[in-house]
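User: I should like to study a protein model step by step. May I put some questions to you about what is shown here?
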Amino acid sequence: MPQSLTNVYVHIVFSTKNRCPLIDDSVRQTLWAYIGGICRTLECFAFRVGGTSDHIHICCLLSKKVTQVELLQEVKRKSSLWMKTQGARYADFYWQDGYGVFSVSPPETGKVAEYIDNQHEHHKTRTFQEEFLAFLKKYGVEYDERYLWD
């Protein structure tokens with residue numbers, strides 16, 4: 001076959017360093033758009049970016065040219081640098097070192113987008129840590145909780 005064809009959707013989740021609630025209303029929507037732009041430049045088309053004050057969710061179509069590691073490094077690096085330009089309050093903004101990347105079946109992308117859109121509702125009753133542990137359990141990911149949080 002002379003073509004390389006892919007259709008790989010992923011749901012990416014990670015938090016701010018130590019889950020500091022720094023993603024406030026004054027930067028939230030612009031940050032989500034900025035991250036969507038970073039994904040677009042890497043040909044990883046994000047159709048939903050969202051989250052709360054201490055974490056982010058990205059649902060995107062992975063490029064066949066970029067690894068997951070490269071995507072996450074660029075998203076975190078560029079968005080962290082951008083946040084630091086948004087005022088003194090964000091001078092110490094960092095993302096956590098780790099992340100979760102979970103596969104999404106194309107027919108399920110609408111449900112993931114809806115889930116991301118409703119983050120504030122979900123987190124009225126569930127912390128980021130509880131949410132992330134539920135993802136790990138759902139996807140059967142083995143982990144050592146000693147190294148899960150930073």
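User: In β4, which residue is the bridge partner of Val13?

Analyst: This is a predicted model. Strand β1 covers residues 9-15, and β1 pairs with strand β4, residues 100-104, in the antiparallel sense over five bridges. Within β4, the bridge partner of Val13 is Gly100.

User: Which residue in β3 does Ile12 stand opposite?

Analyst: Strand β3 comprises residues 55-61, and its pairing with β1 is antiparallel, over seven bridges. In β3, the residue opposite Ile12 is Ile58.

User: How many of the residues of strand β1 are buried?

Analyst: A residue counts as buried under 20% relative accessible area. On one side of β1, Tyr9, His11, Val13 and Ser15 are buried, and on the other side Val10, Ile12 and Phe14 are buried. Both faces are thus covered, and the number of buried residues in β1 is seven of seven.

User: Is Ser26 buried or exposed?

Analyst: Ser26 lies in the loop between β1 and α1, the latter spanning 28-41. Its relative accessible area is 58%. Because a value over 50% counts as exposed, Ser26 is exposed.

User: What distance separates the C-alpha atoms of Ser26 and His57?

Analyst: Ser26 and His57 are 31 residues apart along the chain. The separation of their C-alpha atoms is 18 Å.

User: With the side chain of which residue does the side chain of Ser26 make a polar contact of 2.9 Å?

Analyst: The side chain of Ser26 makes a polar contact of 2.6 Å with the side chain of Asp24. The polar contact of 2.9 Å joins the side chain of Ser26 to that of Tyr90.

Technical notes:
Residues numbered from 1 in each chain as written. Predicted model: local features only at pLDDT ≥ 70, side-chain atom pairs only at ≥ 80, totals over all residues. Heavy atoms only, no water. Buried < 20%, exposed > 50% of the residue type's maximum accessible area, 1.4 Å probe, protein only. Helix = DSSP H or I, 4+ residues; strand = E, 2+ residues; numbered from the N terminus. Pairing = 2+ DSSP bridges. Polar contact = N/O pair within 3.5 Å; in protein donor to acceptor, adjacent residues only side chain to side chain.
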